[in-house]
Amino acid sequence: MAKQKFNIIKSTCLPIAIDNCNTDLIIPARYLASTTRDPKFFGDAFMHDLRYTADGQPVSDFVLNRPEFSETPSEGVNQIIVGGKNWGSGSSREHAAWAIAGYGVRVVISSSFADIHRNNLLNCFVLPVIVTPEFQAELFDSIAKDPKTIVTVDVPNQTVTNEATGHSEKFEINGYKKYCLENALDDIDFLLENQDKIIAWENK
C-alpha cells in the first residue's frame, strides 16, 4: 500500500453507517485467494457485495454509488470514512485493510474498532480514529445535511474536527505508530532508520 506522510487531513467523508461492519463485508472471502498486492484490485473489491448486484450492476442506493459520494477518493475528497460502531469485526483478514487503503481512504472514524483490524489499518497507512458515540452521531448528522461537510484530522495534535459545527475531539494513537505515520515508515523502514543505533547497542 502507498506510504504517505500524515499531517493534517481535511476531506469530505464517506458515511458508512453499518454497525458491526465485518471484514467479510469490507472484502468478500473469495478475494483472499489472490496473490496480487495491486492496490486497485483490492480497492475495486472494497464493499463489493454491497456495491454491486450478483450480475455486476451497481446498487444505486448504496452509499458509495450515490452521486454525492461516488467520486474516487483524492486530495480533500472522500478520504475519510465515518463508520458504524465495532468497525472491522469478524475475520482478522489483512485484506480488509488493503481494500480500504486501495480504495483511497486514509482515515476511518468510528466509536469502536475490532482490535486486529485496527492494527491492520495502521500497518496499511490508514489511520483509525476512535471518537465518542455522540461525536460519531454528530458527524453522520452533519454529512446527511450536507454531503460536502469537511472533517479535519490533525495527526500531530491528535484532534478530529467537524468543520460544520466547529466541534472537536481528541483521539489516542500509539506513539510509535504516530511517528511511523508522520514519517511514512513501515516497521522495516523504522528498523533500517535505526540500524546504526541497533548495531551500536549490540556491540555494547
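Is lysine 177 buried or exposed? With a relative accessible area of 15%, Lys177 is buried, because anything under 20% falls in that class. Keep in mind as you read that this is a predicted model. We will come back to the partner of this lysine after a walk through the strands and the core.

**Strands and crossovers**

Let us start with strand β4, which spans residues 107-110. Side chains in a regular strand alternate between the two faces of the sheet. In β4 both faces are covered, with Val107 and Ile109 buried on one side and Val108 and Ser110 buried on the other.

Strand β4 has a parallel partner in β3 (residues 80-83), to which it is joined by three bridges. It also runs parallel to β5 (residues 127-130), this time with four bridges. Valine 108 takes part in both pairings: its bridge partner in β3 is isoleucine 81, and in β5 it is proline 128. The connection from β4 to β5 passes through helix α5 (residues 115-123), and this β-α-β crossover is right-handed. The unit made by β3, helix α4 (residues 95-103) and β4 is right-handed as well.

**Helix α4 and the core**

Helix α4 is mostly covered, with eight of its nine residues buried. Among them are His95, Trp98, Ile100 and Tyr103. After the helix comes glycine 104, which has a positive phi near 110°.

Nonpolar side chains in soluble globular proteins tend to be buried together. Here the largest nonpolar core has 52 residues, and the members that touch the most others are Phe46, Ile100, Leu127 and Val153. Helix α4 supplies the largest share of this core, seven residues.

What is leucine 127 in contact with, leaving aside its neighbours within four places in sequence? The list includes Val107 and Val108, both of which are buried residues of β4. Leu122, Val153, Phe171 and Leu181 are also among the contacts of leucine 127, as is the charged-type name on the list, Arg106.

**Salt bridges**

The count of salt bridges comes to nine. Three of them are set out here, with the closest N to O distance for each pair.

| Pair | N to O distance |
|---|---|
| Glu163 and Lys10 | 3.5 Å |
| Arg30 and Asp49 | 2.6 Å |
| Lys177 and Asp187 | 3.4 Å |

The side chains of glutamate 163 and lysine 10 meet in a salt bridge. Glutamate 163 sits in the loop between β7 (159-162) and β8 (167-170) while lysine 10 belongs to strand β1 (residues 8-11), so this pair ties together parts that are 153 residues apart in sequence. Glutamate 163 is partly exposed at 40% relative accessibility, and lysine 10 is partly exposed at 45%.

Arginine 30 pairs with aspartate 49. The arginine lies in the loop between α1 (23-26) and α2 (39-45) and the aspartate in helix α3 (residues 48-51), so parts 19 residues apart in sequence are tied together. Aspartate 49 counts as partly exposed, at 42% relative accessibility.

That brings us back to lysine 177, which forms a salt bridge with aspartate 187. Lysine 177 is in helix α7 (residues 175-182) and aspartate 187 in helix α8 (residues 187-193), so the pair ties together parts 10 residues apart in sequence. The lysine is buried, whereas aspartate 187 is partly exposed, with a relative accessible area of 37%.

Finally, a network of salt bridges links Lys3, Asp186 and Asp189.

Technical notes:
Residues numbered from 1 in each chain as written. Predicted model: local features only at pLDDT ≥ 70, side-chain atom pairs only at ≥ 80, totals over all residues. Heavy atoms only, no water. Buried < 20%, exposed > 50% of the residue type's maximum accessible area, 1.4 Å probe, protein only. Helix = DSSP H or I, 4+ residues; strand = E, 2+ residues; numbered from the N terminus. Pairing = 2+ DSSP bridges. Right-handed = clockwise from strand over helix to strand, strands pointing away. Core = buried A, V, L, I, M, F, W, Y, C linked by side-chain atoms within 4.5 Å. Contact = heavy atoms within 4.5 Å. Salt bridge = Lys/Arg side-chain N within 4 Å of Asp/Glu carboxyl O.
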